[in-house]
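Let's take a walk through this structure together, one helix at a time. Have the sequence and the 3D view open side by side as you read.

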Amino acid sequence: MDATEAATVLDRARQGDGEAFRALVERHSRSAFRLAFRMTGNEQDAEDVVQESFLKAYRQLGRFESRANFGTWLYRIVANCSVDLMRAKQARHDQIRGDSLDEAVELPAVDLPGPERLAQSAEIETRVQSALDDLSALERAAFTLRHYEGRSIDEIGATLGLGTSAAKHSVFRAVKKLRAALAPLRSQES
Amino acid sequence: MSTHFTEDELTLYYYGEGRRRGRIARHLDECTACAAVYREIAGTLALVTPPEPPERGDQYGLEVWQRIRHQLPEQEAPGWLALVMPRTDRLVLAGALATLVLVAFVAGRIWPRAGSVASPPAASVTADASGTATTGNDVRHRILITAVADHLDRSERVLTDIMNAPSRGDISTEQRWADDLLTTSRLYRQDAVEAGESSIAGVLDDLERSLLEIVHSPSPISAADLDQIRRRIDAAALLFKVRVMSDELRQRESAPAPPTATQKTS
């Protein structure tokens, strides 16, 4: 689909043409899924985010600036839907945590099975996942965009609707919590 | 030795951001305390590797569409329209426009026409062997009708196989077949939409949903999963729709062009 064709499809979708919106869904679903998976770390959650994001995008297409890039706009919607879902999940599991570093989970040191590197690697993965799960929704989102997606602090702010300072401090808090949570692993490694 | 850098500054430095990057680099060469903190930050972040997202195939976009297409909400008005006109006023305006269109349509139906002879079509007109006038568009339309009719016949066979398959077992052959049909079906549906054949597009849309379900089912399939596919095919009256549409297209295919109203059966 070239730029002119994409603009035509977008214009038709904005006028409520379901077939045109279908073309947008088919074109952008895979990239939306990749981002949603990185943001949530869970396949089923990522699927839910993708669906919710497209429904939201359809509802708000009238507000979309036709000169802007649909992919970029959708990227923001997916990121924010991921944050909403993670917040809802954390609330459900009663895991909302304060911003204080004191609340970072101190995981006990692991008894690594000596030279069995595979087991060690699996253990690291579990620990990292657990540490990420303990971040607040916003911290995790900001960290994911910075660390996995390579977005600059300014871009993170624009994506999540935050000021630069708030985006920066979300990343800092996430890194502090991860350092605290993963310190036992590092001491085992060194 | 210069002032130490904070953990936050070193984090930004790790990510290639922040000011004073040159100064930080020089400082890390000289200051063992800051270098140790930086190594710890870098070591921790190196443990956090990006998760590899599960692979999603070429049909994934279609799957997403099939899941959301019946849930599409009402579109919100553009920002400027929402500002100048409240929602209730917009509904009133839409109602008034709809009434106007209806009145115009009724007036057009009952108003005496100036002449009953249709003006000649703008497109080039040729005569086929039977002397019937055809245009380039007619030819393309007929090719589409024939192709879709063949496609529906093949799809019917897959659906029939699934309906008659043993209650559990290997359906990998049907899945490969359904996968091939799925790609073709999408192309035909798009062509049908462009040609204004909404009823054909509708049947192909329903068909795609069942083909997708077949393609993504496990094989060997359990009795429960197979039963679920069958119930959905039944609930959508899919086999019936496919057969009726196929018959209708065959009749249109064999009719002289352009097809008359009496030759279209539904």
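**A helix to begin with**

Let's start with helix α7 of chain B, which covers residues 136–164. With 29 residues at 1.5 Å a residue, this helix should span 42 Å, and its end C-alpha atoms are indeed 42 Å apart, so the two values agree. Keep in mind as you look that this is a predicted model.

Which residues of α7(B) are buried? They are L144(B), I145(B), A147(B), V148(B), A149(B), H151(B), L152(B), S155(B), E156(B), V158(B), L159(B) and I162(B). Their cover includes four other helices of chain B: α8 (172–194), α9 (198–215), α10 (223–235) and α11 (238–254).

Just past this helix, P166(B) sits in the loop between α7 and α8 of chain B. Is P166(B) buried or exposed? Its relative accessibility is 60%, so P166(B) counts as exposed. Even so, P166(B) has partners from elsewhere in the sequence: leaving out residues up to four places away, it touches L226(B) and R230(B). The C-alpha atom of P166(B) is also 9.9 Å from that of I221(B), with their positions 55 residues apart along the chain.

Stepping back to chain B as a whole, you can count eleven helices and two strands. Their order along the sequence is α-α-α-α-α-α-β-β-α-α-α-α-α. Chain B has 266 residues, of which 35% count as buried. Among its contacts with a separation of 6 or more, 69% join residues 24 or more positions apart.

**Into the cores**

In soluble globular proteins, nonpolar side chains tend to be buried together. Here the largest nonpolar core has 73 residues, and F21(A), F54(A), L61(A) and F143(A) have the most contacts inside it. The element that gives the most to this core is helix α4 of chain A (residues 70–92), with eleven residues. There is also a second, separate core of 35 residues, and I162(B), I200(B), L207(B) and L212(B) are among its members. You have met I162(B) already, as one of the buried residues of α7(B).

F21(A) is a good place to pause. Not counting neighbours within four places in sequence, its contacts in chain A are A13(A), F54(A), Y58(A) and L61(A), while W65(B), I68(B) and L72(B) meet F21(A) from chain B. Part of this neighbourhood is aromatic: F21(A), F54(A), Y58(A) and W65(B) form one cluster.

**Aromatic pairs**

How many aromatic pairs does a search of the whole structure find? Over all chains, there are twelve. One of them joins F70(A) and W73(A), whose rings are tilted, with 5.8 Å from centre to centre and 50° between the planes. Both residues lie in helix α4 of chain A, three residues apart, which is about one turn of the helix. F70(A) is buried, at a relative accessible area of 6%, and W73(A) is buried as well, at 18%.

Another pair, F143(A) with Y148(A), is edge-to-face: the centres are 6.4 Å apart and the planes make an angle of 65°. Both F143(A) and Y148(A) are buried, and F143(A) is one of the residues with the most contacts inside the largest core.

**A buried arginine**

Now find R179(A), in helix α8 of chain A (residues 164–189). Its relative accessibility is 12%, so R179(A) counts as buried. What does its side chain meet? The side chain of R179(A) makes a polar contact with that of E40(B), at 2.8 Å. Leaving aside neighbours within four places in sequence, R179(A) is in contact with E7(B), V37(B), E40(B), I41(B) and T44(B).

**Two cysteines without a bond**

A disulfide is a covalent bond between the sulfur atoms of two cysteines. Over all chains, this structure holds zero disulfides. C31(B) and C34(B) are worth a look here: the cysteine sulfur nearest to that of C31(B) belongs to C34(B), 3.8 Å away. Why is there no bond between them? The separation of 3.8 Å is too far for a bond, given that a disulfide needs sulfur atoms within 2.5 Å. Both cysteines are hidden from the surface: C31(B) is buried at a relative accessible area of 2%, and C34(B) is buried at 3%.

Notes. Residues are numbered from 1 along each chain as its sequence is written. Chains are lettered from A and ligands numbered from 1 in the order in which they are written. This is a predicted model: local features need pLDDT of at least 70, side-chain atom pairs count only at pLDDT 80 or more; totals for chains, interfaces and linings use all residues. Side-chain values use heavy atoms; hydrogens and water are left out. A nonpolar core is a set of buried Ala, Val, Leu, Ile, Met, Phe, Trp, Tyr and Cys residues joined through side-chain atoms within 4.5 Å. Buried means under 20% relative accessible area, exposed over 50%, partly exposed in between (1.4 Å probe, protein chains only). Contact means heavy atoms within 4.5 Å. The expected span of a helix is 1.5 Å times one less than its number of residues. A polar contact is a pair of N or O atoms within 3.5 Å; within protein, one must be able to donate a hydrogen and the other to accept it, and residues adjacent in sequence count only if both atoms are side-chain atoms. Rings of Phe, Tyr and Trp (its six-membered ring) pair if their centres lie within 6.5 Å; planes under 30 degrees apart count as stacked, over 60 as edge-to-face and the rest as tilted.
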